[in-house]
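Open your viewer and get ready to make a few selections. We will visit some empty spaces and then some helix pairs.

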Amino acid sequence: MLWSFGLQINSGYEIDPSYFSTYPNNLLLLNIVVLIQRIASVLPKELFFDYIYLFLIINCILNSITGILIYKLIKSFCGKRTAWVGWAMYAALIGTSGWLDIYYSDSLTLIIPISVGYIWSIGKKNIRFLFIGFLALFGTYIKPQCIIILIAIVMWEIISLFFSDWEKKKDTVKHVAFVVVGLLVGMLVAGLCKRTSFKLDEEASFSPTHYLMMGLEGYGSYNLPDVEFSQSFATKRERNAANLAEAANRVKAKGFDGMMKHIVGKALYNYHDGTFGFENITCSWFWRSDRTVENPVAALLTNAIRGGGKIHLLTDCLRQAVWLAVMLFSGVFPFAFKRVKDKEIECVSVFGLSLFGLFMFLMLFEARARYLYIYIPLYICISAITINSIFKPKKD
């Protein structure tokens, strides 16, 4: 939809702004799509067919840098061997993922949380907090979950005030001040990048109350009746009141036992899938019966990555196995706690806080496995640190 809107804008046509009135969080991403299409339009069409290839190249670059950051972060704590283990997990789970092909917020912002975590963990100067604030907020205008890791870092910095000397307390105040400046810069730059020529209906936008209500239906996944219900109200005030009332009714109807079952089911729905919902959302779009791939290598890769045959089942099983291993080792970290260095504990604590924040976000609002996608690098880092702690030789 965004790609189609971008092509219309670049062709000089006016677009229907109703979609962006409802989902204004996609405005920045729309302008990124428009910019990439304009750049691709002056490049050789033989190399950048239909403009899409340029976007995919950018995705590949961002994904490659993400893998490098994972390797370097783990190496700084655990050494080369464990860093390669972490990178191999990333290559199998994300490097071969079909989401790499999707020119949407998930693939574009995969690099944001790990970049923020890397700068915070590896950086030494106070000014790094300015970049952390900027990156997290700018990313939030593309994918709202990007702000979670920044909240975790700020919480950790504030908590550290109670366990540090006077000099460190002054440093913490500086850190928070730099974060605030970074947030303001990020807000300014993102605001400029979000500007459009068409007028939005401010009363049509969905607030978190809509996603709270939707998160209480079934497993909390996207459902059209709830969207139509929210769209039936003309103003934000009416919509928010109706959403909250309906959410309260759903909680009441479920009762305590029903809510417990709902929470368990929703957690499984979010976390069970090592492909992060790629099959459910995109496979029928990518793999159609009338579609033929002439190049045999391209056909093989399409089968393995996107679906349509036995090879795809094997690669899906590989991703699922890696994802289960990553969750397992992340979960047993507390049992390896005694063998972990202080700096590693600090990193895992902030990453763990981030993943807990993401868990709360997924349990409260709309459930989608792909909402985990941009935080998988953090899971991999925790998992690799745990593996290193379990298998490193004991010191006498």
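A cavity here is a set of grid points where a 1.4 Å probe fits but cannot get out. Keep in mind as you go that this is a predicted model.

**Stop 1: the enclosed space**

How many cavities of 30 Å³ or more does a search of the whole structure find? The search finds one. Its volume is about 40 Å³. To see its walls, select S97, G98, G274, T275, F278, I305, H312, D316 and R319, which line this largest cavity. Then colour helix 16, residues 310-331: this helix gives the largest share of the lining, three residues. If you colour the lining of the cavity by class, you should get two nonpolar, five polar and two charged residues.

**Stop 2: the open space**

Next, turn to the largest pocket, with a volume of about 1400 Å³. A good way in is to select Y19, N25, N26, Y104 and R370, which lie nearest the centre of this pocket among its 42 lining residues. Now show the helices around it: helix 1 (2-10), helix 2 (18-22), helix 3 (27-41), helix 6 (105-108), helix 11 (208-214) and helix 14 (278-286) each give two or more residues to the lining. Which helix gives the most to the lining of the largest pocket? That is helix 11, with four residues. Coloured by class, the pocket lining shows 26 nonpolar, 10 polar and six charged residues.

**Stop 3: helix 3 and helix 4**

From here on we look at helix pairs. Two packed helices are described by the angle between their axes and the distance between the axes. Keep helix 3 on screen and add helix 4, residues 52-78. The axes of helix 3 and helix 4 cross at roughly 115° and come within 8 Å. Angles of 65 to 115 degrees count as roughly perpendicular, so that is how helix 3 and helix 4 are placed relative to each other. Their crossing is right-handed. For the contact, select V33, I36, I39 and A40 in helix 3, together with L54, F55 and I58 in helix 4. The class colours here give seven nonpolar residues, with no polar and no charged ones.

**Stop 4: helix 4 and helix 5**

Stay with helix 4 and bring in helix 5, residues 80-95. The two pack at an angle of about 150°, with their axes 7 Å apart. Are helix 4 and helix 5 roughly parallel or roughly antiparallel? Angles over 145 degrees count as roughly antiparallel, and helix 4 and helix 5 are therefore roughly antiparallel to each other. This crossing is right-handed. On the helix 4 side, select N63, T66, G67, I70, Y71, I74, K75 and C78; on the helix 5 side, select K80, T82, A83, W84, G86, W87, Y90 and I94. This contact divides into nine nonpolar, five polar and two charged residues.

**Stop 5: helix 8 and helix 10**

For the last stop, select helix 8 (residues 128-140) and helix 10 (residues 166-193), whose axes are 6 Å apart and make an angle of about 35°. Helix 8 passes helix 10 in a right-handed crossing. Helix 8 contributes F129, L130, G133, F134, L137 and F138 to the contact, and the residues facing them from helix 10 include H175, F178, V179, G182, G186 and C193. By class, the contact of helix 8 with helix 10 has 14 nonpolar, four polar and no charged residues.

Key:
Residues are numbered from 1 along each chain as its sequence is written. This is a predicted model: local features need pLDDT of at least 70, side-chain atom pairs count only at pLDDT 80 or more; totals for chains, interfaces and linings use all residues. Side-chain values use heavy atoms; hydrogens and water are left out. Axes are lines fitted to C-alpha atoms, for helices over the stretch in contact, and angles run from 0 to 180 degrees between N-to-C directions. Angles under 35 degrees count as roughly parallel, over 145 as roughly antiparallel, 65 to 115 as roughly perpendicular and the rest as oblique. A crossing is left-handed if the near helix is turned anticlockwise from the far one by less than a right angle, and right-handed if clockwise. Contact means heavy atoms within 4.5 Å. Ala, Val, Leu, Ile, Met, Phe, Trp, Tyr, Cys and Pro count as nonpolar, Asp, Glu, Lys and Arg as charged, and the others, Gly among them, as polar. On a 1 Å grid over the protein atoms alone, a cavity is a set of points where a 1.4 Å probe fits but cannot get out, and a pocket is an open set with protein on both sides within 12 Å along at least five of seven lines; lining residues have an atom within 4 Å of a point. Grid points are joined across faces, edges and corners, and a volume is the space filled by probe spheres set on the points.
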